[in-house]
Amino acid sequence: MPRPIRATFDLDALRANLALVRARAPNSRVWAVIKANAYGHGLLRVAEALGQADGYALLDLDDAVRLREAGFRHPILLLEGCFELGDLYVAAEYSLTIVAHCAAQIEMLEMSGLPVRMPVHLKLNTGMNRLGFTVSEFADAYERLKRCPAVGPITLMSHFAEAEADNGVAEPLQVFEAAASGIEAPRTLANSAAILRFPQTCADWVRPGIMLYGCSPLPDRSAEELGLRPVMTLTSEIIAIQNLRRGESTGYGRLFKAKSATRIGVVACGYADGYPRHAPTGTPVLVKGQRTRTVGRVSMDMLAVDLTGVADADLGSPVTLWGEGLSADEVATAAGTVSYELLCALAARVPQVELG
Ligand SMILES: *Cc1c(COP(=O)(O)O)cnc(C)c1O
């Protein structure tokens, strides 16, 4: 028998979440963001299930090539563009759409001598200060691309630093409008948070990531409230029971000490499976569908849960670490991180099952 840990992927939920994106952004086309192995959900699995998306956005050239070789004909957007000239030739060969966020990438296009016109997303920096041209550089960059024989249709792009915040997009939107005014080109701005909080940002294309996977990008709204369904559910089982007497501890560092006699379940799931080691005692977990808490330090292959008040818990009892019934957002918050990190960290050693 293999270890009882499993990641189950609900592909109906994935499609339902895409439908929710469409409902929220009815006039926009959708780049389904599938970077980082589709946020840990499996690149090809997710691309397949989201065949109704208008395009796929990701980071790695190799992943884009994998999609093409698997037969996908959708537009594919390389979110950071190409890092060297050789990559640009591959991107052209595979009909990819590239981002141009800096002068060096425009130079690459100019010197490429490519006989095709590549679709390019020209990226503006509206305050994230990671990638993108400044407002004062933007019009020139656009003109250079327009003149470049290797460049086809141009889309104007930016990315919000804080679309989950109350007043998170007003200033960047102003910056964008100022830089883009007078340029006749499609636009793309919105990530999940912006789609949900600021529908006025949806423009020609939206770029949802986390909401497709059923997690909430908003600190004050749960995924359930938003109508999102979890796609990844991480489950395991109790493989040992410990009856701690008062004062005894469980796990490395003796971080948790029982204040009274406490029944503890040892779960086959640890940080080598992707469960965050920094999740403290008290992180929510389900045992037999009943909510309880983790206790003590997460180890590489195991963690401990409090069985106090969990009716009929025993060896083999099912445990949900996150997903159906317990949002990854909630676990992430307890562990001082975001659901993105939990999903992306799912380890390759965890056996995977598909539903739907
Ligand atoms: C990751 C990413 C997205 C998707 O963000 P979510 O918060 O997951 O919706 C959109 N646009 C860009 C440029 C990204 O890098």
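This passage describes the surroundings of the ligand and then the packing of three helices in a predicted model.

The ligand is a good place to start. Its shell holds 13 residues, and those that come nearest are Lys 35, Tyr 39, Ser 192, Ile 210 and Tyr 340. By residue class, the shell comprises 7 nonpolar, 4 polar and 2 charged residues.

Polar atoms of the protein meet the ligand at several points, and both side chains and backbone take part. At Ser 192, a polar atom of the side chain is found 2.5 Å from a ligand oxygen. At Ile 210 the partner belongs to the backbone instead: a polar atom there is 2.8 Å from an oxygen atom of the ligand. Ser 192 and Ile 210 thus each face a ligand oxygen, while a ligand nitrogen lies 3.4 Å from an N or O atom in the side chain of His 159. Taken on its own, the ligand has 390 Å² of accessible area, of which the protein covers 93%.

Attention now turns to the helices, where H6 (residues 103–112) is a handy point of reference. Helix H5, spanning residues 85–93, crosses H6 at roughly 70°, and the two axes come within 10 Å. Because angles of 65 to 115 degrees count as roughly perpendicular, H5 is described as roughly perpendicular to H6. The handedness of this H5–H6 crossing is right-handed.

On pairing with H7 (residues 135–147), H6 packs at an angle of about 15°, the axes being 10 Å apart. This angle is under 35 degrees, so H6 counts as roughly parallel to H7. The crossing of H6 with H7 is left-handed.

Definitions and conventions
Residues are numbered from 1 along each chain as its sequence is written. This is a predicted model: local features need pLDDT of at least 70, side-chain atom pairs count only at pLDDT 80 or more; totals for chains, interfaces and linings use all residues. Side-chain values use heavy atoms; hydrogens and water are left out. A residue is near a molecule or strand if one of its heavy atoms lies within 4 Å of it. A polar contact is a pair of N or O atoms within 3.5 Å; within protein, one must be able to donate a hydrogen and the other to accept it, and residues adjacent in sequence count only if both atoms are side-chain atoms. Accessible areas come from the Shrake-Rupley method with a 1.4 Å probe; for residues, only the protein chains shown count as cover. Ala, Val, Leu, Ile, Met, Phe, Trp, Tyr, Cys and Pro count as nonpolar, Asp, Glu, Lys and Arg as charged, and the others, Gly among them, as polar. Axes are lines fitted to C-alpha atoms, for helices over the stretch in contact, and angles run from 0 to 180 degrees between N-to-C directions. Helices (H or I, at least four residues) and strands (E, at least two) are DSSP runs, numbered from the N terminus. Angles under 35 degrees count as roughly parallel, over 145 as roughly antiparallel, 65 to 115 as roughly perpendicular and the rest as oblique. A crossing is left-handed if the near helix is turned anticlockwise from the far one by less than a right angle, and right-handed if clockwise.
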